[in-house]
Amino acid sequence: LGLARNWQPTLVLLGRSPAPTGKYAWCNNTPAGDLKKVLMERLRAEKGAVTPKELEAVYKDVLAEREITETLNDLRAAGSTVEYRSVDVRDEKQVADVVRDVRKLGTIHGIIHGAGVIQDKLIEQKTPEMFDAVFDTKVFGLRHVLEATRGDDLRLMVFFSSIAGRSGNKGQADYAMANEVLNKMAQELRTQRPNCLISAMGWGPWQGGMVTPELERAFLAQGISAI
């Protein structure tokens, strides 16, 4: 949003969530605090019995669609041309296809890599699948984007890393590893692209997003406040 307000660039946002379809437009004006209740009533009317798991899945879909739509509207209101594309950055072909399509909008000059998931567990409880989901999203996701833009005149690269990459964090061995790899990739890329501004931002925990209310309370207990 800061980029849009100051420079009005063309922005293409990539995310795992499906692109908004307007499927949930009927509840656009429902306050977040009442949303689960309203969804439950609607689902029961449509299909009868609804499990908590089904309700939670629909609830998350509605919140994701709302967030994407609001973000796109805010960016356009700030003066940017913006599009959203649904893609799994762990899939090299998906990323290559999207980047090829994006070039139709103009020259690609910058990358902001903010993809990330967490699967917090102690090491002895982690499975290879958990590790792959966390590590591959950040590291291979970035590799795929970099490979797809190898020939582009990039002037800016910003990677969303984490303070966990340097300090560690309980249950986040895989997350810490992934973020420190991003830091090292940024260092290496600086020697390869001297004309490109490259930074890995060591963020602390954000309020919202991957930081659930339970996780935020755990951080506060350690004296760490959320951004």
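Is Trp203 buried, partly exposed or exposed? With a relative accessibility of 25%, Trp203 counts as partly exposed, on a scale where buried means under 20% relative accessible area, exposed means over 50%, and partly exposed lies in between (1.4 Å probe, protein chains only). The model is a predicted one, in which local features need pLDDT of at least 70 and side-chain atom pairs count only at pLDDT 80 or more, while totals for chains, interfaces and linings use all residues. Residues are numbered from 1 along each chain as its sequence is written, and side-chain values use heavy atoms, with hydrogens and water left out.

The protein contains eight helices and five strands, where helices (H or I, at least four residues) and strands (E, at least two) are DSSP runs numbered from the N terminus. Along the sequence these elements come in the order α-β-α-α-β-α-β-α-β-α-α-β-α. The radius of gyration is 19 Å, which agrees with the value near 17 Å for a compact globule of 227 residues; the radius is taken over C-alpha atoms, and the globule rule is 2.2 Å times the number of residues to the power 0.38. Taken along the principal axes, the C-alpha atoms fill a box of roughly 60 × 45 × 35 Å.

Of the 227 residues, 37% count as buried. The protein exposes about 13,800 Å², of which carbon and sulfur atoms supply 53%, the areas coming from the Shrake-Rupley method with a 1.4 Å probe. Among contacts (heavy atoms within 4.5 Å) between residues at least 6 apart in sequence, 68% join residues at least 24 apart.

A search of the whole structure finds four aromatic pairs. Rings of Phe, Tyr and Trp (its six-membered ring) pair if their centres lie within 6.5 Å, and planes under 30 degrees apart count as stacked, over 60 as edge-to-face and the rest as tilted. One of the pairs joins Phe135 and Phe140, which meet edge-to-face at 6.5 Å centre to centre with 65° between the planes. Phe135 is buried at 13% relative accessibility, whereas Phe140 is partly exposed with a relative accessible area of 31%. Another pair brings Trp203 back into view, since Phe160 and Trp203 are also edge-to-face, with 5.6 Å between centres and 70° between planes. Because Phe160 lies in strand S4 (residues 156-162) and Trp203 in strand S5 (residues 197-203), this pair ties together parts that are 43 residues apart in sequence. Phe160 is partly exposed, with a relative accessible area of 27%.

Phe135 and Phe140 also belong, with Phe131, to one aromatic cluster. Two members of that cluster, Phe131 and Phe135, are in contact with Asp174, whose other contacts, leaving aside neighbours within four places in sequence, are Gln119, Lys126, Met130 and Val134. Asp174 lies in helix H7 (residues 173-192) and is buried, with a relative accessible area of 1%.

Val139 offers a further view of the interior, for this residue of helix H5 (residues 128-148) is buried with a relative accessible area of 1%. Apart from neighbours within four places in sequence, Val139 is in contact with Ala178, Val181 and Met185. The C-alpha atoms of Val139 and Pro205, which are 66 residues apart along the chain, are separated by 19 Å.
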